[in-house]
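Grab a pencil and work through these exercises one at a time. Try each task yourself before you read the solution.

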Amino acid sequence: MSSIQPSADPGGEATADAVAAAPLASHPATHPATHRAPRRRPSTARAVAVLVLVAVAALVPLLGPSTALSGTGEAEAPGTAGITFLRTVMFAALCVQLGEVYATRLARRVPGAPLDSAPRSWAAYAAVAGLVAALGLASVVATGNLVPHQLSDMDVGGLYASRDGRLALLEVNAFIVALLCARSRRPSGAALPLAAVIVAEALRAHPPAEDTPLIGTGLTLVHLTCGVLWAGGLLQVLRMLRLWRTSAPEAGAAVLGLYARVAAVLFAAITVTGVFSTLRRMPPSTVLDQLTDTGYGRTLLAKVLLVAVVAVLALLARRRLRRATDPVSAYSPARGEVIALGVVVAVSALLTALPLPIRW
C-alpha cells in the first residue's frame, strides 16, 4: 500500500478488543466460582494489549521521522512528529466509524444474527477524536504549514483562500456531521461525511502541480477506502464475535466468513493501487535504491513488511475458520491481524509527513 499521504497507504490499511473468549466458554456453568476468576485474565490481557498498541502508535510519530531520515541527508520538516500523530488519530477514527457501518451491513446479511445485541458503538468517540485531529491539522495549515505556538500565529480566515485550507475545513466539518450522525437514530448516515474526508485526503495528497494529479488522487482514494474498510471492518467483526461467542457463535462465524471473502478483494485492490502509487513516485529503476536511501522509501518498506505479516495472519485465521468446528480458534490470529493493522495505520500516517522521494 503505498499511499495515504502524499499518498499514504491506506491499506492500511486496531485493537485488542476481541480478546480470547474461549477460556470463559470452557468453564462449566455449574461452578460460579470458577467463572469469576478467569474473567480477570481476559480483562488484563485486553488492558495490556491496548497499552502496547498505544505505545507503538505513539512511538511511530515520536521516533519514526528521525529514524526514517537518519543518514539520508533529508531534513525533517517542522512539526513532523505532531502531524504524524494527528493523522494517525484521524485515520484511526475513520477506521472505527466506517468499520462499524461496514460490519453492521455484513451482519444484516446473516440470518439470525442478533443485531439487537450488537457491541456498544464507538462511533461518537471516534468522531470526537477525528474532529480534534482535523482541527489540529487545520491549525497547522493556518500557520503556513508550521506548528502554531499561540493563537495569533494562525490565520484562520486564510484557510478559505488556499486549496489545502479548504480541504482542512472540509475535514473538520465532515467530522462534525459524522458526530451528529453517530448520535442520531441512523448512525450509518455518517458514511457520507466520512467519505468526504477520504476524498479530501486523496486530493490533499496530490496537488495540481503534480504530474497527472487526477490519476494519483484516484489511486489514493481507492487505496485509502479499501484500507479503512479492511482495518475498521475487522475490528468491528471481532467485537461481534466476542460478544456473540456464547449466544450466537454460528452467526459470528458467518459474519467473519463474509468479511474474509470481501477482505480478499480489498487486499487485492490495496496491493494494486499501492504498487502503482509507488511507481508514480519512484521510477522502477530507482525503487531499490530509494527504499533504503530515503526516509519515504524506508517507511514504505516497513509498511510493506507489516502488510505481509497481516496477510499471513489473515490466511491463518481464514484457514482455521474453514477447518475448525469451533470458530473461536480463528480469534487469535485475527486479533493479531487487527493489531498489526493498527500499526500499519500509524506507519501510513508517517508517510504523509515525510519528504516525497526524488524522481531521479
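**Exercise 1. Decide how exposed leucine 179 is, then find its surroundings.**

Step 1: leucine 179 has a relative accessibility of 22%, so it counts as partly exposed (buried means under 20% relative accessible area, exposed over 50%, partly exposed in between, using a 1.4 Å probe and protein chains only).

Before going on, a word on the model: it is predicted, so local features need pLDDT of at least 70 and side-chain atom pairs count only at pLDDT 80 or more, while totals for chains, interfaces and linings use all residues. Residues are numbered from 1 along each chain as its sequence is written, and side-chain values use heavy atoms, with hydrogens and water left out.

Step 2: place leucine 179 in helix α5, which covers residues 163-182 (helices are DSSP runs of H or I with at least four residues, strands are runs of E with at least two, and both are numbered from the N terminus).

Step 3: skip the neighbours within four places in sequence, and leucine 179 is in contact with Ala124, Ala127 and Val128 (contact means heavy atoms within 4.5 Å).

Step 4: now look at leucine 131, 48 residues away from leucine 179 along the chain; their C-alpha atoms are separated by 8.6 Å.

**Exercise 2. Describe the overall make-up of the chain.**

Step 1: count the elements, and you get 11 helices and 0 strands.

Step 2: write them in sequence order, which gives α-α-α-α-α-α-α-α-α-α-α.

Step 3: check burial, and 50% of the 360 residues count as buried.

**Exercise 3. Work out how α3 and α4 pack.**

Step 1: recall that two packed helices are described by the angle between their axes and the distance between the axes.

Step 2: for α3 (residues 80-108) and α4 (residues 123-142), the axes come within 8 Å and cross at roughly 150 degrees. Axes here are lines fitted to C-alpha atoms, for helices over the stretch in contact, and angles run from 0 to 180 degrees between N-to-C directions.

Step 3: turn the angle into a word; α3 and α4 are therefore roughly antiparallel to each other (under 35 degrees is roughly parallel, over 145 roughly antiparallel, 65 to 115 roughly perpendicular, and the rest oblique).

Step 4: give the handedness, which is left-handed for α3 and α4 (left-handed if the near helix is turned anticlockwise from the far one by less than a right angle, right-handed if clockwise).

Step 5: sort the residues of this contact by class, and α3 with α4 has 13 nonpolar, 3 polar and 2 charged (Ala, Val, Leu, Ile, Met, Phe, Trp, Tyr, Cys and Pro count as nonpolar, Asp, Glu, Lys and Arg as charged, and the others, Gly among them, as polar).

**Exercise 4. Follow α7 to its partners α6 and α8.**

Step 1: start with α6 (residues 191-204), whose axis comes within 8 Å of the α7 axis and crosses it at roughly 140 degrees. That makes α6 oblique to α7, and their crossing is right-handed.

Step 2: list who touches whom: Ile198, Val199, Glu201, Ala202 and Leu203 of α6 make the contact with Thr217, Thr220, Leu221, Leu224 and Thr225 of α7. These residues divide into 6 nonpolar, 3 polar and 1 charged.

Step 3: move on to α7 (residues 213-243) and α8 (residues 249-281), with axes that come within 8 Å and cross at roughly 155 degrees. That makes α7 roughly antiparallel to α8, and α7 passes α8 in a left-handed crossing.

Step 4: do the class count for α7 with α8, and you find 20 nonpolar, 8 polar and 1 charged residues.

**Exercise 5. Check the cysteines.**

Step 1: look for disulfides, and the structure holds 0 (a disulfide is a pair of cysteine sulfur atoms within 2.5 Å).

Step 2: sort by accessibility: cysteine 95 is buried at 8% relative accessible area, and cysteine 226 counts as buried at 10%.

Step 3: locate cysteine 226 in helix α7. Leaving out residues up to four places away in sequence, cysteine 226 touches Leu266, Ala269 and Ile270.

**Exercise 6. Examine the backbone of threonine 212.**

Step 1: remember that most residues other than glycine have a negative phi.

Step 2: threonine 212 has a positive phi near 45 degrees.

Step 3: find threonine 212 in the loop between α6 and α7, where it is partly exposed at 46% relative accessible area.

Notes:
Left-handed = near helix turned anticlockwise from the far one by under 90°.
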